[in-house]
Amino acid sequence: QVQLVESGGGLVQAGGSLRLSCAASGRTFSRYYAMGWFRQAPGKEREFVGALDWRGGNTRYVDSVKGRFTISRDNAKNTMYLQMTSLKPEDTAVYYCAAKITTWAPTSDYAAGDMDYWGEGTLVTVSS
């Protein structure tokens, strides 16, 4: 089993920055996981934000956040981060961390149904 715990959400003004963290426990992440960030705004479906190949560190992002969001990891802490800059009101959502058991680096955007484990989410609110 894998446990994922997000933190770092909060209220920020448009143009501001936040860094989300996703702490993983239960197993050692090495070659077998891809990690993802998803978000869900009120009344909308959960959408892919970005993904990280835990082994190689490769990342990919949805077009709407490219150049503004950056995913990184700390292997020693089993923690993934989502650095968000130039935030917009439309970035307001509950942000979820997720993990997928795979030996392949992400080559396309993940769907929510692709992921095997989920965190509880952390709320990000961007005021205009």
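This report describes the strands, the disulfide, the nonpolar core and the charged contacts of a predicted model.

**Strand β9 and its partners**

Strand β9 spans residues 93-101. Seven of its nine residues are buried, so β9 is largely enclosed by the rest of the structure. Three strands pair with β9. The pairing of β4 with β9 is antiparallel and runs over eight bridges; within it, Tyr33 has Ile101 of β9 as its bridge partner. Strand β11 also pairs with β9 in the antiparallel sense, over three bridges, and here Tyr95 is matched with Thr122 in β11. Strand β10, made up of residues 117-118, is joined to β9 by two bridges, again antiparallel. In that pairing, Ala99 has Tyr117 of β10 as its bridge partner.

**The disulfide**

The structure holds one disulfide. The bond is formed by Cys22 and Cys97, whose sulfur atoms lie 1.9 Å apart. It links distant parts of the chain: Cys22 belongs to strand β3 (residues 18-25) and Cys97 to strand β9, with their positions 75 residues apart in sequence. The link is left-handed, with -60° about the S-S bond. Both Cys22 and Cys97 are buried.

**The nonpolar core**

In soluble globular proteins, nonpolar side chains tend to be buried together. In this model, the largest nonpolar core has 37 residues, and those touching the most other members are Leu4, Met35, Trp37, Met80, Met84 and Tyr95. The strands β3, β4, β5, β7, β8, β9 and β11 each supply at least two residues of this core. Setting aside residues up to four places away in sequence, Met84 touches Gly16, Ser17, Leu18, Leu20, Arg68, Phe69, Tyr95 and Val124. Met84 and Tyr95, both named among the core members above, are thus also in contact with each other.

**Charged contacts**

Side chains of opposite charge can pair when their charged atoms come close. The whole structure contains five salt bridges. Three of them are listed here.

| Salt bridge | Distance, N to O |
|---|---|
| Arg39 and Glu47 | 2.6 Å |
| Asp91 and Arg39 | 2.9 Å |
| Asp63 and Lys66 | 2.9 Å |

The surroundings of these residues can be described in turn. Asp63 is exposed, at a relative accessible area of 60%, and its partner Lys66 is partly exposed at 49%. Salt bridges with shared partners join Arg39, Glu47, Arg68 and Asp91 into one network. Within this network, Glu47 is partly exposed, with a relative accessible area of 35%, whereas Arg39 is buried at 5%. Asp91 is in the loop between β8 and β9 and Arg39 is in strand β4, so their salt bridge ties together parts that are 52 residues apart in sequence.

**Asp91**

Is Asp91 buried or exposed? Asp91 has a relative accessible area of 1%, under the 20% limit, and therefore counts as buried. The side chain of Asp91 also makes a polar contact of 2.8 Å with the side chain of Arg68. Apart from neighbours within four places in sequence, the residues in contact with Asp91 are Arg39, Arg68, Phe69, Ser86, Val124 and Val126. Of these, Arg68, Phe69 and Val124 are likewise touched by Met84.

Methods:
Residues numbered from 1 in each chain as written. Predicted model: local features only at pLDDT ≥ 70, side-chain atom pairs only at ≥ 80, totals over all residues. Heavy atoms only, no water. Disulfide = S-S within 2.5 Å. Helix = DSSP H or I, 4+ residues; strand = E, 2+ residues; numbered from the N terminus. Buried < 20%, exposed > 50% of the residue type's maximum accessible area, 1.4 Å probe, protein only. Core = buried A, V, L, I, M, F, W, Y, C linked by side-chain atoms within 4.5 Å. Contact = heavy atoms within 4.5 Å. Polar contact = N/O pair within 3.5 Å; in protein donor to acceptor, adjacent residues only side chain to side chain. Salt bridge = Lys/Arg side-chain N within 4 Å of Asp/Glu carboxyl O. Pairing = 2+ DSSP bridges.
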